[in-house]
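Hi,

Here is the structure I promised to pass on. Have a look at it first, and then read my notes below.

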Amino acid sequence: MKRIAAVAIAGAALLCTLSVQSVQAQIRGEIIGAGARLIPIAVPALKRTGDMTSDRAARRFIEVLRGDLELSGIFRVIDPAAYIDDPQTSGLTRDTVNFENWRSVGAMTLIRGSVKGTGSDLAVEVRVFDVADHSSSGGRRMSGSTTQTARMAHRMADTVLEYLTGIHGPFDSRLAFVSNRGGHVREIYTYSFDGEVKKVTNHRSITMAPSWHPSAQALLFTSFRSRAPVLYSLDLRTGYDSRLASKLGVNVGGSYSPDGSRVLLARESNGNTDIHELDPSRGKVRPLTTHWAIDVDPGWAPDGRRIVFCSSRSGTPQVYSMSIGGSDLRRLTFDGNYNCSPVWSPDGKHIAFAGQSNGRFQIYVMPAEGGSPRQLTFSGSNEDPTWSPDSRYLAYSGKRGGRRKIYMIDMHGRRERQLTDGSSDDSSPSWSRRLEYRAKRTNLSR
Amino acid sequence: MGNKSAVIVTCLLAITFATAGCSSKRGGGMYDNELSADQMAAESSIDQFEGTGEVAAGGVFQDVGFGFDSDGLDATSMEAVRNNAAIMEANPGLKAEIEGHCDERGSSEYNLALGARRARAVRDAMIGLGISHERMSTVSYGEELPLCKDTSESCWAENRRGHLVELRR
């Protein structure tokens, strides 16, 4: 089999941290404790220089930025109708911003920026200010084509989260999920946090369990196109998919290792399903479990040394972890009669899973080494948890007496948000790593 | 501007990944057997979503029920198995595909594995009643092809089934 190594160099020359503020004047870390209040943030329109193209893009940038900051559950975006400042004439830098205007509308943090458009390209320069301190915590200059406006805004939102909390945000990423929208049986779609949804398969059959490659350029999924469940790999750059595992029987739950070189999956043999590890470049498969019970739902620890999975070997489905070598098996869940779909947080600290409670399923989080699970969801029935790349949030599918929808919640169980609109059944979300950014180099100057 | 210093960060991100599988459009099964001709020939529920189980020669296969998270066959289920075995006996040329299905609760991947066990359980029971294993194949649809979508025990029970369809050639 051919191994295609694509080396793409992403120049992030757009990154110009304009002034790095010391820690004391900013609110960091602790702000995300349980019961923390929202930070009131002002996000006025960008100051425009250039042609009308940049006006549309400028509005889109701010709209997406505001949306992400609200979605984060960390900020409350102050209603722009209340702003006193005129964005086209007021200052952009620490020395020229009128902080009193922003203090008076209740802002603790201010995002102030400008945009320049040159035809189909866009250059945005944004600074983040602490209103009480009259100080700036940093800034970013980005450029690219206008088609990348939303992504620039996502990256800016992620940067704002980093300045204010010390942890980069997750919004420049994608969800993959299964949907029956558009009258199709069940196909795989991708979702961006600005609401853009794209159909990425055309199998005209039942698809399930999408799972991202760490580069966010490929997806694993299972499809019944051949009338039985086969594991496919989809290259999102080309749109072509190919079969990875099509052994007679079940092939499901494909999961790429953190370095993208191996795949875990559940495969059936004579009626029994076990976890296997697949090396696609060598065409080699080896079983990791050989128990007569059902072993499914494999997931990797972020260091690639351990795995989690769901097994019924103790009599009911429960969550287990094990070394990738097949030893050191540990049972992690003990309460309830059905705990499955385990996923390891990218920072390695927690494992989330779906557990049955009072006849319905809910999302739980527990320390990765085991311990008391904390219930995150309480409404309806919720399954298929997946972690955000910053380990702060979980997305999952929920049923509240209607269609299945994709939701997200923070890992403390606060601020549940509905992400898909409920006009179709949407399930099995998988959250990608942060996307890489390709931009042309620009001269860096103050 | 005092203590601030401009930090220029240039990140060169190398994206390297192996495109798993053949990048060409051949797309054949890479590691194991292709699906058998019988599997390919089965007119299973995937086409019309509710294969009636009717047999061309006459008779109707009965769905075999299961308890939650179980692949065991109780008395009622065995009754259905016996009925299905009788149809197979009466039509010696008949081949069948046995589908395993689950209700919507729980992991869809676990349900795919459970469905496989259910299909297998029905097949094994029919082998036990004298039907040749060569006449039956199995497939699992997990929770993916429910008969009904209500959130109720009766709907769930309906979905937990082994469903037989005639394999036509």
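To start you off: how many of the seven residues of strand β5 (residues 136-142) of chain B are buried? The count is seven of seven, which leaves the strand mostly covered. Keep in mind while you browse that this is a predicted model.

**Chain B, around β5**

You can see the covering of β5(B) on both of its faces. M136(B), T138(B), S140(B) and G142(B) lie on one side, with S137(B), V139(B) and Y141(B) on the other, and they are all buried.

As for its neighbour, β5(B) pairs with strand β4 (residues 96-101) of chain B; the two run parallel and share six bridges. If you want a spot to click on, try E99(B), whose bridge partner in β5(B) is V139(B). To get from β4(B) to β5(B), the chain passes through helix α4 (residues 108-128) of chain B, making a β-α-β crossover that is right-handed.

Zoom out a little and you find these strands in an open sheet of four, in the order β3-β6-β4-β5 (chain B), where the pairing is mixed. At its edges sit β3 (64-65) and β5 of chain B, each of which pairs on one side only. Over at the β3 end, β3(B) is joined to strand β6 (residues 161-166) of chain B by two bridges in the antiparallel sense. There, V64(B) has G162(B) as its bridge partner in β6(B).

**Chain A, its two domains**

Now for chain A. The domain assignment splits it into domain 1 (29-165) and domain 2 (174-431). Their centres, taken over C-alpha atoms, are 35 Å apart. Where the two domains of chain A touch, each one contributes eight residues to the contact.

Which helices supply the domain 1 side of that contact in chain A? Both α1 (52-71) and α3 (149-165) of chain A put in at least two residues each. Of the elements on this side, α1(A) gives the most, with four residues. Sorted by class, the domain 1 side that touches domain 2 of chain A has four nonpolar residues, three polar ones and one charged.

**Chain A, around β21**

Another place to look is strand β21 (residues 306-311) of chain A. Five of its six residues are buried, so the rest of the structure largely encloses this strand.

β21(A) has an antiparallel partner in strand β20 (residues 295-300) of chain A, with four bridges between them. Here V296(A) is found opposite C310(A) in β21(A). These two strands make a hairpin with five residues in between, and G304(A) in the turn has a positive phi of about 70 degrees.

β21(A) also pairs with strand β22 (residues 318-323) of chain A, again in the antiparallel sense, over six bridges. C310(A) turns up here too, opposite V319(A) in β22(A). The hairpin of β21(A) and β22(A) has six residues between its strands, and G315(A) takes a positive phi near 120 degrees.

**How confident is the model?**

Chain A averages a pLDDT of 89, and 89% of its residues score at least 70. Two stretches fall short of that. Over residues 1-32 of chain A the pLDDT is below 50, though the model has 89 contacts for this stretch beyond near neighbours in sequence. Residues 439-446 of chain A also stay under 50, with 17 contacts beyond four places in sequence.

Enjoy exploring!

Note on methods. Residues numbered from 1 in each chain as written. Chains lettered and ligands numbered in written order. Predicted model: local features only at pLDDT ≥ 70, side-chain atom pairs only at ≥ 80, totals over all residues. Domains from an automatic or database assignment. Contact = placed C-beta atoms within 7 Å. Nonpolar A, V, L, I, M, F, W, Y, C, P; charged D, E, K, R; others polar. Buried ≥ 20, exposed ≤ 12 C-beta atoms within 10 Å, placed from the backbone. Pairing = 2+ DSSP bridges. Right-handed = clockwise from strand over helix to strand, strands pointing away. pLDDT = per-residue confidence, 0-100.
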